[in-house]
Amino acid sequence: MLSKSKHDAPRGQVKRVESGAEDPAPSTDGLARRREQVETYLELTRIQQHIDRRSRGLFAAHGLDDVTPAQANVLLVLMQERRPLTARRLAELLALSEVTVGRFVATLERRGWIARRPDPRDRRARLLHPTDKTRAAMPTFISIANALLDESFAGLDPDEWDSSSISLF
């Protein structure tokens, strides 16, 4: 049996529990806490799915239906950095795998959102550049992102959502 808990193993590692070992019966408090954790996890998943659906709807309403919310994040980060990036650096900034970012980049390039050009300092590397299409759509992406943030945080007291007080990982 595998157990993953920040108290059981170092971050990112899974502690192996021998299958023949007897686990003590969980306490009532432990079960209640686990239920709360599961409910919180499920609620976070529902929130993410809602944001994704809402993003897709807003993109379509603005004629941006050839880009997904995840791909839009790639474009937003690329524009925010204000300089060409390698796919590796983009993956680091987005906390995604290089394979995932590579797929996004291939699709975005095919659809005219980004261009890949040789890195003058490293002939093996390719730098990602936003295209005119991306620059023209950026105000719309920002407007959509702002609308989603306003919707997501509506009704919450700003003192309660201070990012320093939210730490899941």
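Start by selecting Thr-86, Ala-87, Arg-88, Glu-98, Arg-116, Ala-125, Arg-126 and Leu-128: these residues line the second largest pocket. Keep in mind that this is a predicted model.

**Stop 1: the pocket**

Show the pocket as a surface. Its volume is about 200 Å³. Now colour the lining by class. Four of the residues are charged, three are nonpolar and one is polar.

Next, colour by secondary structure. Two elements, α3 (87-94) and β4 (122-130), each give at least two residues to this lining. Strand β4 has the largest share, with three residues.

**Stop 2: a salt bridge in the lining**

Stay with the pocket and pick out Arg-88 and Glu-98, both among its lining residues. They form a salt bridge, and their closest N and O atoms are 3.2 Å apart. This pair links distant parts of the chain: Glu-98 sits in helix α4 (residues 98-110) and Arg-88 in helix α3, ten residues apart.

How exposed is each partner, Arg-88 and Glu-98? Arg-88 has a relative accessible area of 52%, so Arg-88 is exposed. Glu-98 has 45%, so Glu-98 is partly exposed.

**Stop 3: Asp-66 and Lys-133**

Select Asp-66 and Lys-133. Here is another salt bridge, with the closest N and O atoms 2.9 Å apart. Again the pair links distant parts of the chain, 67 residues apart: Asp-66 lies in the loop between α1 and α2 (69-81), and Lys-133 in helix α5 (residues 132-153). Asp-66 counts as partly exposed because its relative accessibility is 22%. Lys-133 is also partly exposed, at 34%.

**Stop 4: along helix α1**

Move to Glu-43 and Arg-46. What separates these two residues in helix α1? They are three residues apart, which means about one helical turn. They form a salt bridge, with 3.0 Å between the closest N and O atoms. Both ends are partly exposed: Arg-46 has 41% relative accessibility, and Glu-43 has 38%.

Why can such pairs form? Side chains of opposite charge can pair when their charged atoms come close. To see the full set, display every salt bridge; the structure holds eleven.

**Stop 5: a nonpolar patch**

Finish with Val-38, Tyr-41 and Leu-42. Together they make a nonpolar surface patch of about 290 Å². Zoom in on Tyr-41, which is found in helix α1 (residues 28-61). Is Tyr-41 buried or exposed? Tyr-41 counts as exposed, because its relative accessibility is 58% and the cut-off for exposed is over 50%.

Note on methods:
Residues are numbered from 1 along each chain as its sequence is written. This is a predicted model: local features need pLDDT of at least 70, side-chain atom pairs count only at pLDDT 80 or more; totals for chains, interfaces and linings use all residues. Side-chain values use heavy atoms; hydrogens and water are left out. On a 1 Å grid over the protein atoms alone, a cavity is a set of points where a 1.4 Å probe fits but cannot get out, and a pocket is an open set with protein on both sides within 12 Å along at least five of seven lines; lining residues have an atom within 4 Å of a point. Grid points are joined across faces, edges and corners, and a volume is the space filled by probe spheres set on the points. Helices (H or I, at least four residues) and strands (E, at least two) are DSSP runs, numbered from the N terminus. Ala, Val, Leu, Ile, Met, Phe, Trp, Tyr, Cys and Pro count as nonpolar, Asp, Glu, Lys and Arg as charged, and the others, Gly among them, as polar. Patches are made of residues with over 30% relative accessible area and no salt bridge: like charges are joined within 9 Å, nonpolar side chains (Val, Leu, Ile, Met, Phe, Trp, Tyr) within 5 Å. Accessible areas come from the Shrake-Rupley method with a 1.4 Å probe; for residues, only the protein chains shown count as cover. A salt bridge is a side-chain nitrogen of Lys or Arg within 4 Å of a carboxyl oxygen of Asp or Glu. Buried means under 20% relative accessible area, exposed over 50%, partly exposed in between (1.4 Å probe, protein chains only).
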